[in-house]
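Open the model in your viewer and keep the sequence panel at hand. The tour moves from one selection to the next.

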Amino acid sequence: MKKIIGFVMALLLLTAVGCTNSQETDDTSSQQTDGVSYMETEGAEESQAATEASSEGRSDGNETEPEVASMRISVKSEDYEVIYELNDSLAASQLYAQLPLTVEVEPFSNNEMTFYPEALSVEDAPLSDGEPGSLSYYAPWGDVVMFYAPCTPNRSLYELGTVVSGEEHIANLSGTITVSAVE
């Protein structure tokens with residue numbers, strides 16, 4: 001809902017700015033243009049303030065709405081830690097619900113590290129592009145994949161999230177890892 005309100009407010013702001021730029025600037029219309037510009041600018045400022053209040057979770061500056069918490073996870077070995085932010089897919093939520101996990105991490109090919117959670121539903125999950133730093137789920141094998149080098153995308157690889165920090169450590173993960181929620 002916040003995204004829709006923000007989009008509408010941004011659209012109104014762009015419309016107001018577009019109208020201001022289309023006014024003529026000769027001597028007879030400059031006073032009218034200045035008046036219109038002031039009114040449109042004032043309206044744009046109000047729209048911007050409403051958009052900012054909405055994005056901060058306030059409707060009138062006094063009330064607060066609950067913030068939607070992001071799902072961040074930590075993948076930690078003995079010496080390294082990688083933080084991911086999960087997307088809002090069912091598969092990512094199901095992975096998050098399984099935490100904490102203590103599992104073995106395994107290298108696969110020359111571009112990824114993998115671990116095995118309980119099976120995840122890919123019903124609404126977006127396809128993964130296999131880019132370095134992406135956290136993905138390979139449905140046929142049921143493994144979570146942490147890419148540190150590019151992979152050729154395929155129709156069985158689903159995006160769960162992206163790296164926030166520690167991307168340079170993905171290739172160094174080894175042995176037993178702990179996957180936990182970041183509060």
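Select Val75 to begin. Val75 has a relative accessibility of 0%, so this residue counts as buried. The model is a predicted one. Val75 belongs to strand 1.

Now show what surrounds Val75. Setting aside neighbours within four places in sequence, its contacts are Tyr80, Glu81, Val82, Tyr84, Met146, Leu173, Ile177, Thr178 and Val179. Pick Met146 from that list. Draw a C-alpha to C-alpha distance from Val75 to Met146: the two are 9.8 Å apart in space and 71 residues apart in sequence.

**The barrel**

Zoom out and colour the strands. How many strands close into the barrel, and in what order? Eight strands do so, in the order 1-2-7-5-6-4-3-8, with antiparallel pairing. From one strand to the next, the twist averages 35 degrees.

Follow the barrel order from strand 1. Select residues 72-76, which form strand 1. Five bridges join strand 1 to strand 2, and the two run antiparallel. The connection is a hairpin that passes through four residues. For one rung of this pair, select Lys76: its bridge partner in strand 2 is Glu81.

Next comes strand 7, residues 157-165. Strand 2 pairs with strand 7 in the antiparallel sense over four bridges. Select Leu86 and look across: Gly161 of strand 7 stands opposite.

Now jump to the other end of the written order. Strand 3 covers residues 101-108 and strand 8 covers residues 175-181. Five bridges pair them, again in the antiparallel sense. Select Thr102 here; Thr178 in strand 8 is its bridge partner. Thr178 has already appeared on this tour, among the contacts of Val75.

**A salt bridge between strands**

Return to strands 1 and 2. Select Arg72 and Glu85, which form a salt bridge. The closest N and O atoms of the pair are 3.0 Å apart. Arg72 sits in strand 1 and Glu85 in strand 2, so the pair ties together parts that are 13 residues apart in sequence. Is this pair buried or partly exposed? Arg72 is partly exposed, with a relative accessible area of 30%. Glu85 is partly exposed as well, with 29%. The count of salt bridges comes to one.

**The loop after strand 2**

Step along to Asn87. This residue lies in the loop between strand 2 (81-86) and helix 3 (90-97). Asn87 has a relative accessible area of 18%; the cut-off for buried is under 20%, so Asn87 is buried.

Show side chains here. Those of Asn87 and Ser89 make a polar contact at 2.7 Å. Then widen the selection. Neighbours within four places in sequence aside, Asn87 is in contact with Met71, Ala92, Pro126, Glu159, Leu160 and Gly161. Two of these names link to other stops. Gly161 is the residue opposite Leu86, and Ala92 leads on to helix 3.

**Helix 3**

Finish with this helix, residues 90-97. Which residues of helix 3 are buried? Select Ala91, Ala92 and Leu95: these are buried. They cover an arc of only 100 degrees around the axis, which puts them on the same side of helix 3. Look down the helix axis to view that side. Keep Asn87 displayed as well, since Ala92 is one of its contacts.

Terms used:
Residues are numbered from 1 along each chain as its sequence is written. This is a predicted model: local features need pLDDT of at least 70, side-chain atom pairs count only at pLDDT 80 or more; totals for chains, interfaces and linings use all residues. Side-chain values use heavy atoms; hydrogens and water are left out. Two strands pair if DSSP finds at least two bridges between them. Axes are lines fitted to C-alpha atoms, for helices over the stretch in contact, and angles run from 0 to 180 degrees between N-to-C directions. Buried means under 20% relative accessible area, exposed over 50%, partly exposed in between (1.4 Å probe, protein chains only). A polar contact is a pair of N or O atoms within 3.5 Å; within protein, one must be able to donate a hydrogen and the other to accept it, and residues adjacent in sequence count only if both atoms are side-chain atoms. Contact means heavy atoms within 4.5 Å. The arc is that of the directions from the helix axis to the C-beta atoms. A salt bridge is a side-chain nitrogen of Lys or Arg within 4 Å of a carboxyl oxygen of Asp or Glu.
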